[in-house]
Amino acid sequence: MENQKFIVLSICLSLLITFASAQNSRLRQNFYQNSCPNVESLVRSAVQTKFSQTFVTAPATLRLFFHDCFVRGCDASVLLSSPNNNAEKDHPDDISLAGDGFDTVAKAKAAVDSNPRCRNKVSCADILALATRDVVALAGGPSYPVELGRRDGRISTKASVQHSLPHPTFNLNQLNSMFASHGLSQTDMIALSGAHTLGFAHCGRFSNRIYGFSRTNRIDPTLNLQYAMQLRQMCPVNVDPRIAINMDPTTPRQFDNAYYQNLKNGKGLFNSDQVLFTDQRSRGTVNLFASNNGAFRQAFVNAITKLGRVGALTGNQGEIRRDCSRVN
């Protein structure tokens, strides 16, 4: 009986893997070669304009892509609005998504649709994937080929975000479990965490590490003490909840491997950052990325390419939204 269960489970798993591979195989770099051959230059131009107006464009767009893919897959469902505030972006874990990310996609969508040949041919999900690549490159990170062919989802619910995104307090097991559920390895997880080389976090997301870590230690002992004192200055008790500080205290406007160097110095802002160095199972990868920017860049490209395949709708699934904020 147990053997039969194992065989059935094996078959089911095999079918799931086959289905996932089939989904991924429909994504390809030249997907719009005939329908909108200049889609990449149209998106890039719009993103460059937005980036020149505010640097927040980079971390905001990158974070938007991650939050989209981890909830219902990379289907642009995070962009949808709900009249009763019940969409993904209304969940507490998504409310802090900066408006500049949404605006970047809207501007790029308008640029693509301004070309008669491309109008209503390119999905919002693909535009977000392209814009993410472009902001990473504009911030000094790698430029990489983007697989295309995603369709836009029609469903976006606040409930679907619950327990779907990494929390700042996560330990390595929790991080690995969540990323593995999307087919991402520990190395992928560590490389994608390097996106914290850009962007900012609100004080409330890490205040427990500098004020109330435990009964014996008010400050998290894995946190660099001098850095903790600086954080207390920037985030005093009862600070305005809108106040945010840089995730990377050294080079916050450069997509580089300083994030990993910071971890070695006890300057990971979240516990989910610092644990990558304090846990011996992941420390080796952190040390590699800290000393070899090229290794980090390659690992990041591999990881974000895999991330872009998560739950992608293809073929006749979903739709091509005319307005990224609402279904057709």
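**The annotated domain, helix α3 and the largest pocket**

According to the UniProt record, an unreviewed entry, residues 26-328 carry the annotation "domain: Plant heme peroxidase family profile". The structure examined here is a predicted model. Within it, the span of residues 26-328 is 45% helix and 2% strand, and the C-alpha atoms at its two ends lie 23 Å apart.

Helix α3 makes a pleasant place to begin a closer look. This helix comprises residues 57-70, 14 residues in number. At 1.5 Å a residue, α3 should span 20 Å, and its end C-alpha atoms are indeed 20 Å apart, so the expected and computed values agree. With buried taken as under 20% relative accessible area, 13 of the 14 residues of α3 are buried, and the helix is therefore largely enclosed by the rest of the structure. Just after α3, arginine 72 adopts a positive phi of about 70°.

The helix also leads naturally to the largest pocket, which holds about 920 Å³ of space. Its lining is made up of 39 residues, and those closest to the pocket centre are Arg63, His67, Pro166, His196 and Phe270. By character, the lining divides into 24 nonpolar, 11 polar and 4 charged residues.

Several elements share in building this lining. At least two residues each come from α3, α4 (92-95), α7 (172-180), α8 (186-193), β1 (200-202), α12 (271-278) and α14 (293-307). Helix α3 gives the most to the lining of the largest pocket, contributing 7 residues.

Notes: Residues numbered from 1 in each chain as written. Predicted model: local features only at pLDDT ≥ 70, side-chain atom pairs only at ≥ 80, totals over all residues. Heavy atoms only, no water. Helix = DSSP H or I, 4+ residues; strand = E, 2+ residues; numbered from the N terminus. Expected span 1.5 Å × (residues − 1). Buried < 20%, exposed > 50% of the residue type's maximum accessible area, 1.4 Å probe, protein only. UniProt positions renumbered as here; feature names shortened; annotations may be inferred. 1 Å grid on protein atoms, 1.4 Å probe; cavity = no way out; pocket = protein on both sides within 12 Å on 5 of 7 lines; lining within 4 Å. Points joined across faces, edges and corners; volume = space filled by probe spheres on them. Nonpolar A, V, L, I, M, F, W, Y, C, P; charged D, E, K, R; others polar.
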